[in-house]
Amino acid sequence: MKTLALAGGVGGAKLAAGLQAALPDGDLATVVNTADDFTLWGLHISPDLDTVMYTLAGLANPQTGWGIAEDSSAALSMLGRYGEDTWFKLGDKDLATHVLRTGRLRAGATLTEVTAGLAAALGVRGAVFPMCDERVSTIVHTPEGPLEFQDYFVRRRQKDEVRGVELRGIESARVPRSVSEALDGTGLVVFCPSNPVVSIGPILAVPGMAEALKAASAPKVAVSPIVGGRALKGPADRMMASLGSEVSAAGVARMYKGLVNGMVIDRRDEADQEEIEDFGMRVLLTDAVMRDEPDRERLAREVLEFGGTLGVGTEAR
Ligand code: FO1
C-alpha cells in the first residue's frame, strides 16, 4: 500500500525506516520538516532531511541517530584551528552532503530536486520530500530572547524555557507539487512519532498542507512520541508543557484532532484511550517504543495493519 509518512528527525526517521522495510520498494514517501534548516559557514544544512535520508539509506550513526556512522571530524577540527566555534558537529562525510546541497541550490535547483538527487544516489528506496521549497525557520522564544532552532536545541542544549514558537517565513511557503501528488495517490498517511510542536507542527503549518491532508481520502494514523508522560527523545514534553498542552498521548491526539482517524499509543497510556476516542479517533494500544531495528519494522507493520482497518465510518472530525 502506498504510504505517506510525515517526519521530523531521529524518532520519525526510525519509523520511516520501519515502514520502508515493511513496504514494497517505492511505496513509501516521507515528507520531512525543514524548519530546522539553517546556514552554517555558508552551507545550507537540513538536519531532519539528512537524518531521514541517512536512516533510510542505512548510513545513520546508530549512537546519535543523526549524522553518518563512523564519520570523522578532520574538517571540524581544522575549523576549530581557525578559531571557529564548533558547537554543531558536522562530520567529514556529512559535510559533502551540505556542500552539494548548497551548490545545487545556488545553481537554481529546488530543495525538492536536490533532495531527490541525493536520496537516489544513496540508494533510498522511496521518495524523500521537503515540506516546502521556501525557507522557513523555527524561532524559539525564550526568557533570553528569540533563538534560532539549532541555537536553542544544540548549542544551548534545550535548557531555555520555551515561551512560544514562531515559524518565520511560513506564510510564503507552498505545498510542493510532489507532496500533493503523493498525497493524492496514497493509501495511508502516517504521522511519525516526532515532536508535534517543532517537527510535525511546521509541516502542518505550510499553507494548504492541513487542508490537503483533511481532503485526502486515505486514513491518517499518528504514533505518539509521548509515552508515560515523557518524550521518547528530545524536548517535546517540556515544550508541550510550557506551551500549555497536556503532556500525554491524549495531549498529542488533541493537537491532531480533526486531522487523524487513528492514534497508536503505548500500552502504558491505556488510561488515555477513552479521551482519545472522544476526539473521534480509533486507538491502537501497543509497544510504541522502538529500541532496535526489528522493533521499527514491528511497529511499522502494526501501524500499516491498523491503518488498513480505518476505513469508512472513522472520519476525522
Ligand atoms: N544534534 C545535536 O544534538 N548535536 C549536534 O552537534 C548535531 C549535529 C548535527 C549535524 C548534522 C545533522 O544533520 C544533524 C545534527 N544534529 C545534532 C541533530 C539535529 O540538530 C537535531 O536532531 C534536529 O534538528 C532536531 O530534529
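1. A residue counts as buried when its relative accessible area is under 20%. Keep that cut-off in mind for helix α2. This is a predicted model, so read each point below as a statement about a prediction.

2. Start with α2. The helix is mostly covered: ten of its ten residues are buried. The list opens with Pro47, Asp48, Leu49, Asp50 and Thr51. Val52, Met53, Tyr54, Thr55 and Leu56 are buried too. Every one of these therefore falls under the 20% cut-off.

3. What follows the helix? Just after α2 comes Gly58, with a positive phi of about 75°. Look for Gly58 when you trace the chain out of α2.

4. Now turn to the ligand. How many residues surround the ligand? There are 14. The closest are Asp36, Asp48, Phe88, Lys89 and Gln150. Asp48 has already appeared, as one of the buried residues of α2.

5. Three polar approaches deserve a look, and each involves an oxygen atom of the ligand. For Asp48, a polar side-chain atom lies 2.8 Å from a ligand oxygen. For Lys89, a polar backbone atom is 2.9 Å from an oxygen of the ligand. For Gln150, an N or O atom of the side chain is 2.7 Å from a ligand oxygen. Note the detail: Lys89 uses its backbone here, whereas Gln150 uses its side chain.

6. How much of the ligand's accessible area does the protein cover? On its own, the ligand has 530 Å² of accessible area, and the protein covers 89% of that.

7. Which elements give two or more residues to the shell around the ligand? They are α2 (47–56) and α6 (149–155). The largest share, four residues, comes from α6. By type, the shell holds eight nonpolar residues, two polar and four charged.

8. Next, the sheet. Three strands form an open sheet in the order β7-β6-β8, and the pairing is antiparallel. At the edges sit β7 (145–148) and β8 (164–168), each pairing on one side only. From one strand to the next, the twist averages 30°.

9. Finally, look at one pair of strands up close. Strand β6 covers residues 137–142, and four bridges join β6 to β7. These two strands run antiparallel. One bridge to find by eye is that of Ile139, whose partner in β7 is Glu148.

Technical notes:
Residues are numbered from 1 along each chain as its sequence is written. This is a predicted model: local features need pLDDT of at least 70, side-chain atom pairs count only at pLDDT 80 or more; totals for chains, interfaces and linings use all residues. Side-chain values use heavy atoms; hydrogens and water are left out. A residue is near a molecule or strand if one of its heavy atoms lies within 4 Å of it. A polar contact is a pair of N or O atoms within 3.5 Å; within protein, one must be able to donate a hydrogen and the other to accept it, and residues adjacent in sequence count only if both atoms are side-chain atoms. Accessible areas come from the Shrake-Rupley method with a 1.4 Å probe; for residues, only the protein chains shown count as cover. Ala, Val, Leu, Ile, Met, Phe, Trp, Tyr, Cys and Pro count as nonpolar, Asp, Glu, Lys and Arg as charged, and the others, Gly among them, as polar. Two strands pair if DSSP finds at least two bridges between them. Axes are lines fitted to C-alpha atoms, for helices over the stretch in contact, and angles run from 0 to 180 degrees between N-to-C directions. Buried means under 20% relative accessible area, exposed over 50%, partly exposed in between (1.4 Å probe, protein chains only).
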